[in-house]
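I opened this entry to look up how the strands are paired and where charged side chains meet. My notes follow the structure shown here.

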Amino acid sequence: MRKIKLLFTTITHSGGGGAERVLTTLVNNLPPEMYDISIQEMYAFGVKKEPINENIKLLPPLIKEHDRSTLITLFKRYIIDNYPEIIRSIRLSSNYDIVISWNYQCPSFLLPSFQDAISIGWFHGSIYDLSPSRELKYEIYSRKLQQRAWDKASKLVTISKLSLKSLKEVFPEYMEKAQIIYNPIEIEKIKDLSLSEIDSSFLDGSPVLACVGRFDKNKNFALVLEAVAILKNKGIKTQVLLVGEGTEKENLKVKVKDLNIKENVVFLGYQQNPLPFLRLAKLLCISSLEEGFPTVATEALSLGVPFVTTPVAGASDELAFNGECGLVAKWDAKDYAEKIETIITNEALHKRMAEACVENIKKFSIKQSVSKFNELISELIDESKTNKIEFSQQVLSYDEARKKLKALYICSFDFASQRLRFAFDRLCKKRKLKDILVVAFHIIRLCLYAFTIPTRWIFYKNIFE
């Protein structure tokens, strides 16, 4: 029996994030005798090497970690967005039975170049940023690119009820081909990894609150710090473990100082294995503005650690189990602090929630997720055979693709002026000083682009090689 050839396209497989861990868990547990699996990441971040099985091929990234030229990186993104057939012919010349975009936007933009295969759009969070009410040119541009990608998809898969709700509100025309498949969870593996030895001498005996994830604005860890300060003023001492790195780290440190809670907070940096620190926690704190189906929440439940969360997808509905495993707070520090206090000051309640976590997480076992995935693939293949769908496409030859790419690289004023148009549109609507500076920057860059056309003609780079 011939194996089914699967290609997963993902924004990255080396960023150390939850989406990468979920993809790794899924592909490692798919039957190798049934599937031939490849993964194409857009960006290589080099933060973490995901432990994929030997039978799974991780293809070279489209945009390399050491590619420091902003112009080259932007040009590659422009090609991915607008000319995916070039990527297909140069980098993905193999024939695949099924192509799965692992999340929306950039990972899905290659789907239209695979008209000779079944395609699936898989996304992990709400998509309100693509709402028709958005008015900026960049937002309209992104929406059109997403429509082009999902028009091609045979199925759309998401991972929570709130994510599906966002699809219904933003793209109701796609609901007929949408379904939920929950993220796979390796419960026993999570428990084993949590037992790794760590230095816990920094613990002071206070109830431990864990914050795990990238330090960015979306994770919104400042909300947790504000809640901790409120609890401190009430005489309730806690110890917050901040596990991660990111652009907001310095701002969080300033926040800690301003709130006078330095003795309550420990910055642990990025951890390849954060599970031992999560095991130490009395409570997991999720304070995000948006989520899909937070991996860290499933890990916490596997370890019997309840959580407090903001009203984000996955955590606030399915994983909270109507308050049995987690409490949902508003995006308000006082309310968030009250939810933390409710759990950590009531030992009987905490014990009940911890036991419910361990029991309820079994409903999201890896076995069930893999079974759902296999059913979906079989259904799509049977449907294509029953309806006698003949996939056909005029794929560019390698030489044709290279010639087209070279012409676009040397002189494509649409690429060069695109960011200027977006910036000018934002200036017209926002009218802030920083927007004026951004427009000025893009005008200068456009002039330099025109000036260097002869240089690019002579020193053409082998893009995507």
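I first needed the rule for pairing: two strands count as paired if DSSP finds at least two bridges between them. The model I am reading is a predicted one.

**Entry 1, strand 11.** I looked up the partners of strand 11. Strand 8 (residues 208-212) is joined to strand 11 by 2 bridges, and the two run parallel. Ala210 stands opposite Leu284 in strand 11. Strand 12 (residues 307-309) is also parallel to strand 11, with 3 bridges between them. Here Cys285 has Val308 as its bridge partner. Between strands 11 and 12 the chain passes through helix 10 (residues 295-302), a right-handed β-α-β crossover.

Which way do the side chains of strand 11 point? I found Leu283 and Cys285 on one side, Leu284 and Ile286 on the other, and all are buried. This fits the general rule that side chains in a regular strand alternate between the two faces of the sheet.

**Entry 2, the sheet of 7 strands.** I wrote down the order of this open sheet as 3-2-1-4-5-6-7, with parallel pairing. Strand 3 (56-59) and strand 7 (178-180) are the edges, each pairing on one side only. On average, neighbouring strands are turned by 20 degrees against each other, direction ignored. I checked one pair inside the sheet: strand 4 (residues 98-102) and strand 5 (residues 118-123) share 5 bridges. Ser101 has Gly121 in strand 5 as its bridge partner. Helix 13 (residues 366-386) lies across several strands, including strand 5, to which it runs at about 145 degrees.

**Entry 3, salt bridges.** I noted 24 salt bridges in the structure and looked up three.

Glu299 pairs with Arg21, with the closest N and O atoms 3.4 Å apart. Glu299 is in helix 10 and Arg21 in helix 1 (residues 18-29), 278 residues apart. Is Glu299 buried or exposed? Glu299 has 8% relative accessibility, so it counts as buried. Arg21, at 21%, counts as partly exposed, because the limit for buried is under 20%.

Lys219 and Glu291 form another salt bridge, at 2.6 Å between the closest N and O atoms. Both sit in loops, Lys219 between strand 8 and helix 7 (222-233) and Glu291 between strand 11 and helix 10, so the pair ties together parts 72 residues apart in sequence. Lys219 is buried at 18%, and Glu291 is buried at 13%.

Asp335 and Lys339 meet at 2.8 Å, N to O. Both lie in helix 11 (residues 333-344), 4 residues apart, about one turn of the helix. Asp335 is buried, with a relative accessible area of 13%.

Key. Residues are numbered from 1 along each chain as its sequence is written. This is a predicted model: local features need pLDDT of at least 70, side-chain atom pairs count only at pLDDT 80 or more; totals for chains, interfaces and linings use all residues. Side-chain values use heavy atoms; hydrogens and water are left out. Buried means under 20% relative accessible area, exposed over 50%, partly exposed in between (1.4 Å probe, protein chains only). A crossover is right-handed if, with the strands pointing away from the viewer, the path from the first strand over the helix to the second runs clockwise. Axes are lines fitted to C-alpha atoms, for helices over the stretch in contact, and angles run from 0 to 180 degrees between N-to-C directions. Contact means heavy atoms within 4.5 Å. A salt bridge is a side-chain nitrogen of Lys or Arg within 4 Å of a carboxyl oxygen of Asp or Glu.
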